[in-house]
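Reader: Hi, I'm new to reading protein models. Can we walk through one together?
Author: Sure, here it is.

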Amino acid sequence: MLRFLHILLTGLLGVLWNKVSAFDGIRLVNGQSKCSGRVEVLHRNQWGTVCNHGWDLREADVVCLEMGCGLSEFDHHSAALGAEFGAGSGEIWLRHVQCSGHESSLTHCAVILHSNPYCTHENDVGVKCSGTLLMPTLSLLSPHTVFSPGEAVRFSCSVLLGHHISDFHLYKHGVSTPLVTQRVDQSQTRGVELTLSDVETFHQGSYSCRYRIKGFSPSQLHSSPPSNSINITVVELLTPQHWYNTSAEAPAGSVIKGHSFNITCSTPQQYPGASFQLRLIRTNGTVRQSLPALTPSVTFTFSSAQGSNEGYYYCLYRVQLGGRTFVSRESQALPIAIRDPDPVLSPMMISWLVSGLTFVVAVVIIIVVAKVLCNREKKPSELERETRTCVDNTYVALSINNL
């Protein structure tokens, strides 16, 4: 605003040149490329130079934009000395140029006559342009690259030549519209902070930034090339599930003392280097044990249940990424009671009973077989009984006859 008032007042007090349309072109001479050199304008079919009186960043930017060479790499010291690209010859067509920075050509800027009649070719002005809009630099202000859902990610987008910048934009790779836009004021000419708030898992990916500069009119904007990329990771750990297995004869929620049992922890997500932690809360304290999560499910095995295994079991998932430790919520409590074995149904008793019954049955079978064999030897057959009866009757008859 002060600059504009200065131009306005100077124009009112001075004599403004009203033959701007008489200039037919502009060129850069003696530079190392088409985007650097001594500034010359064409008037009346003759090329002439421009005096450095009043020359600053705005005039240099107008020239660079007009030449399609991006923005000016302005150096106040070189501009003040003049003739950076050698002294010209012929006329000095422009002695005191005043631009707002939005003109489409240097020849559209205000020119103040008689403000410095002592310009010589030692004051010939030159410019160095960026060639294209400079690539901005994206940096991460947050101290890490791995985040939890709901956290904020702070970036900084900056550019070496920050003049004429309208706004900065933060882009996610694969998304055409910017996720964050930050307009620039005069105190933020070289860079701004871009904050991505309340990140979710879909924010994970690669990010870059761009800036836009004001063109020949306030509504005309030119976009820069994208910056370098920064990757961020968003870790969302789901609450793991868990269950247990033991012998079939154990009642629900119980394990028979001396029997084996196992507890399985599972999660649908998997991260490299993660682990499952099983926590047991019992009456006399807390016991923890961990296993690497090489697969989505991990089983903790207990070979012989004892009273110390009784309590409430919880599973959680733990992973270290980007120098940070992330821990899931604990699963719901899994109560397990350790019961003494039922004496009647204990394996040892069953073994004894089976052995005893087998022995008794074997003895009974032996006795029965022995009796059968014995009776078969002592009991005469039907033929033997008849023969014996016949013999006995004969003996009796003979005895009677003898009498």
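Author: One term up front: two strands pair if DSSP finds at least two bridges between them. Keep in mind that this is a predicted model.

Reader: Ok. What order do the strands have in the open sheet with E9 in it?
Author: The order is E9-E11-E14. The sheet is open, has three strands, and the pairing is antiparallel.

Reader: Which ones are the edge strands?
Author: E9 and E14. Each of them pairs on one side only.

Reader: And how many bridges hold E9 and E11?
Author: Four bridges, in the antiparallel sense. Strand E9 covers residues 137–140. One bridge has threonine 137 with serine 158 in E11 as its partner.

Reader: What about E11 and E14?
Author: Six bridges join E11 to strand E14, residues 191–196, and the two run antiparallel. Phenylalanine 155 has leucine 194 in E14 as its bridge partner. Serine 156 has glutamate 193, also in E14.

Reader: How much are neighbouring strands of this sheet turned against each other?
Author: By 25° on average, direction ignored.

Reader: What actually makes strands of a sheet pair?
Author: Strands pair through backbone hydrogen bonds, either parallel or antiparallel.

Reader: Switching topic. How many aromatic pairs does the structure hold?
Author: Five. One of them is phenylalanine 155 with tyrosine 207. Their ring centres are 5.6 Å apart and the planes are at 35°, so the pair is tilted.

Reader: Why does 35° make it tilted?
Author: Because planes under 30 degrees apart count as stacked and over 60 as edge-to-face, and the rest are tilted. The angle here is 35°, so this pair is tilted.

Reader: Where do those two rings sit in the chain?
Author: Phenylalanine 155 is in strand E11, residues 153–158, and tyrosine 207 is in strand E15, residues 205–214. They are 52 residues apart, and the pair links distant parts of the chain.

Reader: Is phenylalanine 155 buried or exposed?
Author: Buried, because its relative accessibility is 0%. Tyrosine 207 is buried too, with a relative accessible area of 1%.

Reader: What does phenylalanine 168 pair with?
Author: Tyrosine 211. This pair is tilted, with 6.1 Å centre to centre and 50° between the planes.

Reader: Which strands are those in?
Author: Phenylalanine 168 lies in strand E12, residues 165–172, and tyrosine 211 in strand E15. The two are 43 residues apart in sequence, so the pair ties those parts together.

Reader: Are these two rings buried or exposed?
Author: Phenylalanine 168 is buried, at 0% relative accessible area. Tyrosine 211 is buried as well, at 1%.

Reader: Which rings link into a cluster?
Author: Phe261, Phe302 and Tyr313, through ring pairs.

Reader: What sits over the ring of tyrosine 171?
Author: The charged end of arginine 210, at 5.9 Å from the ring centre. There is also arginine 279, which lies over the face of tyrosine 314 at 5.2 Å from the ring centre.

Reader: Back to sheets. What's the order in the one with E18?
Author: E18-E20-E23. That open sheet has three strands with antiparallel pairing. Strand E18 (241–246) and strand E23 (297–302) are the edge strands, and each pairs on one side only. The twist averages 20° from one strand to the next.

Reader: How many bridges join E20 to E23?
Author: Six, and those strands run antiparallel. One bridge matches cysteine 265 with valine 298 in E23.

Reader: Zooming out, how many helices and strands are there in the chain?
Author: The protein chain has five helices and 26 strands. Of its 403 residues, 39% are buried.

Reader: How much of the contact set is between distant residues?
Author: Take the contacts with a separation of 6 or more: residues 24 or more positions apart account for 66% of them.

Reader: Last one. Where is confidence lowest and where is it highest?
Author: Lowest in strand E1, residues 15–16, at a mean pLDDT of 42. Highest in strand E20, residues 261–266, at 97. Over residues 1–21 the pLDDT is below 50. That stretch still has 25 contacts in the model beyond near neighbours in sequence.

Reader: And the chain's mean?
Author: The mean pLDDT is 83, and 81% of the residues reach 70 or more.

Key:
Residues are numbered from 1 along each chain as its sequence is written. This is a predicted model: local features need pLDDT of at least 70, side-chain atom pairs count only at pLDDT 80 or more; totals for chains, interfaces and linings use all residues. Side-chain values use heavy atoms; hydrogens and water are left out. pLDDT is the predictor's confidence in each residue, from 0 to 100. Contact means heavy atoms within 4.5 Å. Rings of Phe, Tyr and Trp (its six-membered ring) pair if their centres lie within 6.5 Å; planes under 30 degrees apart count as stacked, over 60 as edge-to-face and the rest as tilted. Buried means under 20% relative accessible area, exposed over 50%, partly exposed in between (1.4 Å probe, protein chains only). A charge sits over a ring if NZ of Lys or CZ of Arg is within 6 Å of the ring centre and within 35 degrees of the ring normal. Axes are lines fitted to C-alpha atoms, for helices over the stretch in contact, and angles run from 0 to 180 degrees between N-to-C directions.
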